[in-house]
Each structure stands twice: as structure tokens, then as C-alpha cells.
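Here's a quick tour of one model, taken a region at a time. Have the coordinates open and follow along.

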Amino acid sequence: MNLSTAGEWYPQQNMLLKCIRPASVEGTMKWTVNNNDPALDPSKYLISDDHSSLTVKNVDEKDKGRYSCIIERTIPYIQWQDIDIKPIPNIIVGESVRTFQCVDQKVKLECCEAKNEFSWKSTTPGYSLTSSGDRCITLIHSIENGKCESETFTCQLENEALRLFSYGSKSIKVLKSTEAFICKNTTLGDGKEDATLKGPCEKGKEGNIIYRCKSGKWEVEDDTNCVLQVIKDLEKKVETLAPKDIPLVVADLKKATADNPEEITQSPVTVQTIVGILIRISDTAQTIIINKPVMENFLKTVDILISDIAINSWENLNNNSRTDNTSTALLNAIENISSRLTNGNFTINATSIELNRTVADRYSGISNLENSTTEILIPQISESIPITIIVFTNLVNVLPTRNIKYKNNTNSDVRINGDVVVVKVNQTVNNISFAFDITNQSLGNPQCVFWNFSLDAWDSTGCEVKPSGNKPGKITCECDHTTSFSILMSPFSIDDIALDYITYIGVAISMASLILCLIIEIVVWKSMTRNDTSYMRHVSIVNIAVSLLIANICFIIGAAVAQQEQPTSVGRCSPAVFFMHFFYLALFFWMLISALLLFYRTVMVLSQMSRARMMAIAFIVGYGAPLLIAVITVASTAGPQKYITKQLACWLNWDESKALLAFVIPALTIVAINLVVLIVVLYKMLRRGVGATTQPDEKHALVVIARCVAILTPIFGLTWGFGIGTMVSRKVGIHVVFALLNSLQGFFILVFGTLLDSKIREALAGRLSLRNLTSSNPTRSTSAGPSSSSGPGFFQRMRRRNMYNVSEASAISAATSSNSYGGSDTFMNA
């Protein structure tokens, strides 16, 4: 039905729809907008009391779609209409203020609008109109010498309802100056030497041209801001792009670029505009499946953008002074949309691009592009999965050679010397092999590199040059991207094989140590928790160990997610990040509990607190504070672009939201507090001892905690000092030391928190019936003489002398990080 009360609707209007109830139809009337209930958004929609009319306030192009009036009954009676919102009219008049010399002359003011009727108007007479026939009308105004008052001329839409809006009209103010000017133009205006002004682009383009007055003539200084009108129209269209419209938009974009290759590729701003359109299409496509025709139109558009005739535009866009990273954005869009391809086997060919899509458990292929015989070999995978291989012979025009990272050093004196290959596999694949043609045989020292999105540059980490055997003119590359760990404190990732081995071995030792620590605590628990101080000390140790163990498990899960998929999956990565964040913070807060327990028992000797109250405070601080911080972090960084990292790792975001600070600041603050507590406690203990009224077992526990804090606090301070270093430095040495210290935190807990406590050793020996192995014959133990120094009595004296020479882990933290090779990557040789 025709529900609309007007033939066309434009942005900023209030759209009124009316529904007429047939006399024979009874029931409650309601409205839906694209199957949604408009009554839920009263700020946008106004429904009349009898529900017969719907008003949509301040419409824009997003409000297009199906509007339905439904009369509810056994079989609903539905009237509906698909309504389109017209694009904003684009009146083009050029500069709104123009200066002319006040002498007898005629000036021309042009107004153009491609789709709507319009006309000129003025408050004063003395002008005439002429039509150019291409949707433009020229106003000719006569300036008379001596009549130098400024005048304003307005070009407005014929539709009176649209004149009320900002886009309904545009004006030109003509300034008449008595000064003499050297540069004159009846359309642009007059000016002095070296002056500049703006003029409209040629017909069919949107933007402006900058002119400069030189030697009495207006000369074009910059015309790179002109964009084809058809491209600008598509740019506006994708602002409200719906997934169902992607096939049509991609087809229109491909046709526009194919029809105007020269004009597009010679304009950096046009190239940048099209890349923006492709990014929008790629982002919208993440909720649907992309078939072969859509992908083919997408890649043929890219094929024109990266052609040889576009080199100058890309040189401009890749200028080191620019920060928009158009080249990286284009590659990212290609990778993202390729992840949504339909399953099946097919090939797409363009002039400089070849895509092979297959579902298999291995891949072996050779490029069929002209002047390219690049070979790609993916060894057997555990199961048949979709594999996408895209070979580019001209992508080197897009991705610059700046800042190639090779063996931890940056080298700018290099050239791209082969094809570029994009590999998209949603599973971990090791040892991908590439055999590239060498484009320039005169170049030496070949390197195998991949595009690192974090560095925005080529990177050789994980890729090696292999002997090509009997294949002259080829370079063989093998890339195996493993996982490195240093991002728990560092906002960027460092790829180094040493970090991988240090973390894998260290975390394995740490987790084994934590499990052993918990087993020992279970065995000796009853005999070691007879007083409040000892009880709270062991509660802290157990919770520190449990928090670190669970955090390490979550970290391994996050690393596996990041390794399988790049960019990291928000749905799979976010839960791992939340629990990792929570339990690493819990580790620090239980470390704080240990220090505060020591402070309370040694400084506040007159205060007495029940065990139940201490436990309540400990658990509120130990788990409540971390939970509050973790929840606030999620709530304040809601959205897939802000909570987690986008590339290489599964951890808190740094680039967009600085969410990483929600871990760094609490961790470093607790380390600082523990140092202060340690200084105060040591001062009190050295001054007056532990306390005359303290029970022996409690005194033992306090000395153990004190010595433990005294030993571990410098270790933690040093560890997190290197952690701060990883936040500001990419030097591998700092990251290696940090990874080494942090990956062994579980081992530190076992040694300083458990094994070096003499009472724990004695209790453990008793429970395991090992006391006889360390005891001696009573007769020999009481013997005297020089020979007794080597007998059992010596061990007993050592035990007495070393009764308090043990350590306790009062503050434990572990930090590891992930930089994993996920589902896609871009490789080449240089």
C-alpha cells in the first residue's frame, strides 16, 4: 500500500505515514519498521493515539526500509511499503565569497545540481541567466564602476519544503573592491600576485581546485582534491550500507573504476576514497557469506587501484609524513573480506591478482599470472578446511618498503623484489613454503618478509630464506610464526624465538611448581594452621598459587585463540582476556594481603582481629577489588574495537582505549606499597623484635613472612621494573629478561613460600614417614669430640641454627604475553 503522505522524502524532514483501516477489518493496529517496534524509540518515532499514523523525526538515509501497518487478528492484516530516503541534494556553487575589482565588467556565477530542480534569486535586479544544458545555470551580473556595494546571490531548490534545510540553498557574496588587481577571472574572482583562491572541480567531479596568481594569471596549483561524482555518491551510499546491498554496491564500484581508470588512479584522494568504500564493504560483510561474483568485483576494483599507472598516487599516500595508512587499510580490507568467502573450489583472475579458494587438508599451487610462477606449498593439516591464496604481482606499488625489520634491526635500503601472497587459513599452519620469482636479478642479499600490521611495515621474523636447489631465478621462503610472550606489560609485540622457548619452558615449570605447592599445602594444612598468623599466611599462599595457575591456563587459551585466528576473534578472545585480567590482578592483591598481614602483626601489636574478620577482609580485597577493576574495564571499553587487541595477541587493548593500564597501574601500585610496607616492618622488627608476648609458632610465621618479603620484593620490583621497560622499548633483551622472570613466578612461590619453611619440611617429612631418613642414633647424636662434627649431631645443630632461615612468597605475579600467527598473513621476498 501507499502509506507515505509524500512522493519523496529527503534527509532532515519529518516523514509522515498513514494507515487506512478497511471497514471490515477489526483488531488492534500497530507499526513495525524493518520488523522492529518503533514504539520502543519514542525520541525517533511518534505514533498517533489511534495508531493510524507514524511520524519519523529528522529522517536520514538510514531510515530507508520496509514500514508495515499491522492489524492484529487471527490472520494479521498487513499493509506495507518499502520507502527510500533520497540522498542530500548537492548544490555546487564554488567559493561562497568572491572579490572583483569595482570597474565596468560582467561576472559569471555558476550553480549546478545533478538531480533536483533549482534556480537563482537575488534581492537586486541587474543580472541575467543562461543554462549550460548539463544541470548548471550561469548567472551573469553586471558590475558598474562607482557602484561598489557588495551583493548576495542565492541558488536554491525549487522544492519549497526543502529550502528550510541547510542543503536547500547556497549563496555567493560578491565583494566589489576599489583596489587594482593583477589577476582577473570573471568566474573565480580577482586577486593580487601570489594570492590563492578555490574554484569548483570540472563537471562530473566533486571537490575544489586551488589556484595561485602568478605573473598576472591564475594557475592551477592543486587539483588532486577532485573526486568523480559517481565515487562520491557511492561513498555516501555505503555510510548506511546494509549487508543485502553489498552485491549491487560492489558491482557499481567495479563499473565506476573500470570506466574511469585514468582519472581514478591519478588522484590520491580518489584512491583513498575508494579504499574507504572497500573498507566499509569489508566491515559490513562480516555478518554474511561472500560469493564468487561479489569477490570478483571486489578484487577487480583493487586491481585497478594497484595498477602501474597508480604508482604516483600511492607514493603520495605512502609518504612518511602521512598517518592515515591507506595501504595497510586496503590490505586489511582484502584479508577481512576473504575470510567470509563461501566454501567451495573456485578461482578468480584479474590482470595482477589471482585468488584460489579450496577446501582441502593441504595446498600446492603455482601462480598463473603473467610473468609470475610463484609457488605456494602448505603441508598436510589435521582436517580439510577452507584455504584462500591470493597472489599479487603489483601490490608492491601499495605496500612500501619503508622500515623493513630484519633480524631485530630496521633496514630502509631495500626493494621489493617479487610477488606478494596473502594466505588465509583459519587454523595454525607451520612451515608454509613459498618459491618467488626474482624480479631484479642484479639485487643481492634476499630476505623473506611478511606484512606486520602492528609495525605497519615488512617484518622478517619467523621467515627464512631456504636453498632453491635447481630452480635458478627463484627464492624459497619458509615462514613459521610461533608464539612469543611479552604483552602483559608491553603495548606492542616483539617477535623473537628466544621469547617463545623461555615462556614455554618457564610456564611449564611454573605450572608444575604451582601444582606441587598446592599438594604440599593440602598435606601439611592441619599442622601448619594452628594460630591466626600462620593460618592467614597459608591462605594467602594457596590463593596466590591458585590465581597464578588459573591465570596461566587462561593465558594459554588466549594464546591458542590468537594463534588460530588473526585478527583475534572478539567472541572467543574476550572471555579469556577477562579471566586472565581478573586472576592476574587477584595474584597481586593476594600479594598485598600478605604484606598487610605482616604490617598488622608487627606494627599494630595491640590490635586484635578475629580470624573470621581477617578472612572476610582478605577475600574482599583479594577477589573483590580485582573483579571490580575487571568489570569496570569491560564496561568502559565496551565494543570489539576497544576491549581487546586487534592483532597478534589476545590481551587488553592499548592503541584505542589504553585498557592495558587497568592491569599495569594496579600491579605497579601494589609493588610500590609492598616496598613501603617492607621498609616500615623491617624498621619496627629491628628496633624492638617481633614482640615479647608473641607465641613461638606465631613468631616463626612472622619471621618467615618478613624474610620472604625481604627476598621476593626486590625480585618483583626488578621484574616489574623490566615490565615498565617493555612498555617503552622494543629492545629484545628487556623483553627476554621480563619473560624469564615472570614465567618462573610459580617456581618462586614453591621455593620461597613452601620449601624453605623449616616447619613445612618437618611436617611434610612426618606425614610422609621420612623422619627416620634424617634422624640418627641417639647415642651418636650425644657424643662429643672432634669427630662429631661430621655425624648426625651436625645436622641437628644446622637445623637449630637455621630454624628461621626460610622464605615465604608474599607477593607473586606472573606475566606472559602472546604474539601468535593467526588465520591470515601477507608474505613476500625482498
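## Helix 11

In helix 11, the buried residues (under 20% relative accessible area with a 1.4 Å probe, protein chains only) are Met614, Met615, Ala618, Gly622, Tyr623, Pro626, Ala630 and Thr633. Helices here are DSSP runs of H or I, at least four residues, numbered from the N terminus.

Helix 11 is 26 residues long and spans 37 Å from first C-alpha to last, close to the 38 Å expected (1.5 Å times one less than its number of residues). There's a kink of about 30° at glycine 624, shortly before proline 626; that bend is the angle between axes fitted to the seven residues ending there and the seven starting there.

## Where the numbers come from

This is a predicted model: local features need pLDDT of at least 70 and side-chain atom pairs pLDDT 80 or more, while totals for chains, interfaces and linings use all residues. Residues are numbered from 1 along each chain as its sequence is written, and side-chain values use heavy atoms, leaving out hydrogens and water.

## The cores

The largest nonpolar core (buried Ala, Val, Leu, Ile, Met, Phe, Trp, Tyr and Cys joined through side-chain atoms within 4.5 Å) has 61 residues, and Val577, Tyr584, Trp651, Leu652 and Phe663 touch the most other members. Helices supplying at least two residues each include helix 8 (497-528), helix 11 (611-636) and helix 12 (661-688). Helix 10 gives the most, with 19 residues.

A second, separate core has 52 residues, among them Leu253, Ile264, Leu299 and Ile306.

## Asparagine 260

Asparagine 260 sits in the loop between helix 2 (246-259) and helix 3 (261-265). A polar atom of its side chain lies 2.9 Å from the backbone oxygen of alanine 256.

Notes: Buried < 20%, exposed > 50% of the residue type's maximum accessible area, 1.4 Å probe, protein only. Polar contact = N/O pair within 3.5 Å; in protein donor to acceptor, adjacent residues only side chain to side chain.
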